[in-house]
Amino acid sequence: MSKIIILTVDGGGIKGIIPSYFLTQIEAALNKSCYEMFDMIGGTSTGGIIATALSSPVSNGTPLTADEIYSIYTTDGSQIFVSQQGIIPDDYYPLYYANDGNGNGVEPFLQNKFGASTLNDARLNMQTLQNSRTSHVFTTSYTINSSGNSVPNPIKGQDYGPYLFNWYDAKSSQADDYQVWEAARATSAAPTYFPVAKLGGGGAPNSGANERWALDGGVMSNNPAVWAVSEAFRTGLASSLDDIILISLGTGSYPSGAGLVTNHQGLPDPDYGNWGYIPWLASDLDDLSGTENERGAIVNIITESVQLVSSQQLSGMQAGGLTYFRLEPSITREQSKMDNISQSNVDSLINTATSYLENEANEIFQQIVSILKQNT
């Protein structure tokens, strides 16, 4: 059996600059588009937007190239992060609009990019493209409701729980055939940053798929790579770990953000980690570098932990035959903010991605290029 080559991309907002740059270099090295190299493409949050853009009929019936996606991240951040500040009381509303009512915000942006194509439309379109290879695409999300109302006897997968917007299920059932923009919107509906995403249910611009209120997939799988291995088996693309080559792209890791100072945080927060509701959810607890974490330290810890766990699990699977590559540079605290769209931060992320591939990760990158040349 030939190798199944999988690409996955983590969540991280504007930090999508980093993996999109990596992909420009992979495409340049092989002189191929991603849909000609990967059997499966999956992503979470900003990685889900990248995954759908690499595989959907966005530009005259063809997916975007990595260069085109990279350009979006380096120039269009202000179209996605449209501030909702000024609403009183502001702490009760997310930082950014889904749609400000004037055609601005993440929803109009995604609708404009992806049009009305459904996930199954994207799958069928892929079959018409010369040298196409991609046969499965998914984005992660987490459902919190199926109607917006009380649900007396909630059903997992329908009313709550992890959900993958994906080609395999969209092919089989109209109930799962969401529009591509909906898959991208759901996976990037980060709590406190954007409103909960309402998808399906009929009525333009939504699809006729099942109504679903969803959160960013990062709340349970900011690194979607383990999902990809699971999907390879579920869809029949692979029958053993030996069949799989997995290339996982991160959006940068801020090491100090994965922990907190526990002994002496300073008043009013108790010492020695004796923290209750307010310190965990509202205080500016110091991270490992002693820098204020800003509000909601527990959210940062959870986001970092689900990312680290996936990478460690996959490293262990290499002993079972999995071929696994991970690219992720270390970044600073300022760079780690998913909504920092200032030009100085954009330039900084570009420099970090460039330097990382040229130096620290050059050997891994060359291994990735070599294995792709051998198997595509």
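A nonpolar core, as I'll use the term today, is a set of buried Ala, Val, Leu, Ile, Met, Phe, Trp, Tyr and Cys residues joined through side-chain atoms within 4.5 Å. Buried here means under 20% relative accessible area, with exposed over 50% and partly exposed in between, using a 1.4 Å probe and protein chains only.

Okay, some housekeeping. This is a predicted model, where local features need pLDDT of at least 70 and side-chain atom pairs count only at pLDDT 80 or more, while totals for chains, interfaces and linings use all residues. Residues are numbered from 1 along each chain as its sequence is written, and side-chain values use heavy atoms, with hydrogens and water left out.

So, the core. The largest one holds 75 residues, and the members that touch the most others are Leu7, Phe22, Leu23, Phe38 and Leu372. Helix α1, residues 17-30, is the top contributor, giving 7 residues. Helices and strands, by the way, are DSSP runs numbered from the N terminus: H or I of at least four residues for helices, E of at least two for strands. There's also a second, separate core of 17 residues, and Ile6, Phe138, Ala232 and Leu241 are among them.

Look at Leu372 for a moment. Leaving out residues up to four places away in sequence, Leu372 touches Ile5, Ile26, Leu30, Met37, Phe38 and Ile247. A contact means heavy atoms within 4.5 Å.

Now to the annotated positions. The unreviewed UniProt entry puts the feature "active site" at Ser45 and Asp216. Bear in mind that UniProt positions are in the numbering used here, feature names are shortened, and annotations may be inferred rather than shown by experiment. The two are spread over 172 residues of sequence, yet they cluster in space, with a largest C-alpha distance of 5.9 Å.

Where does Ser45 sit? Ser45 is in the loop between β2 (40-43) and α2 (46-53). Ser45 counts as buried because its relative accessibility is 5%. Beyond its neighbours within four places in sequence, Ser45 is in contact with Gly11, Gly12, Thr187, Ser188 and Asp216.

Asp216 lies in strand β6, and at 6% relative accessibility Asp216 counts as buried too. With neighbours within four places again set aside, the contacts of Asp216 are Thr44, Ser45, Ser141, Ala186, Thr187, Ser188, Ala189, Ala190 and Pro191.

Right after Ser45 comes α2, and that helix is mostly covered: 8 of its 8 residues are buried.

On to the empty space. We work on a 1 Å grid over the protein atoms alone: a cavity is a set of points where a 1.4 Å probe fits but cannot get out, a pocket is an open set with protein on both sides within 12 Å along at least five of seven lines, and lining residues have an atom within 4 Å of a point. Grid points are joined across faces, edges and corners, and a volume is the space filled by probe spheres set on the points.

How many cavities of 30 Å³ or more does the structure hold? There are 2. The largest has a volume of about 130 Å³. Its lining is 14 residues, with Gly13, Thr46, Ile49, Ile80 and Phe81 nearest the centre. The elements giving two or more residues to that lining are α2, α3 (66-75) and α4 (77-80). The lining divides into 9 nonpolar, 5 polar and no charged residues. For those classes, Ala, Val, Leu, Ile, Met, Phe, Trp, Tyr, Cys and Pro count as nonpolar, Asp, Glu, Lys and Arg as charged, and the others, Gly among them, as polar.

The second largest cavity comes to about 110 Å³. Helix α5 (106-114) gives the most to its lining, with 4 residues. By class, that lining has 11 nonpolar, no polar and 1 charged.

Last, the pockets. The largest pocket has a volume of about 1,600 Å³. It is lined by 49 residues, and Pro191, Thr192, Tyr193, Val299 and Asn300 are the closest to its centre. Pro191 came up earlier as a contact of Asp216. Helix α12 provides the largest share of this lining, 7 residues. The classes here are 20 nonpolar, 19 polar and 10 charged.

The second largest pocket holds about 230 Å³. It has 13 lining residues, with Arg123, Gln127, Ser135, His136 and Lys171 nearest its centre. Helix α7 gives the most, 3 residues.
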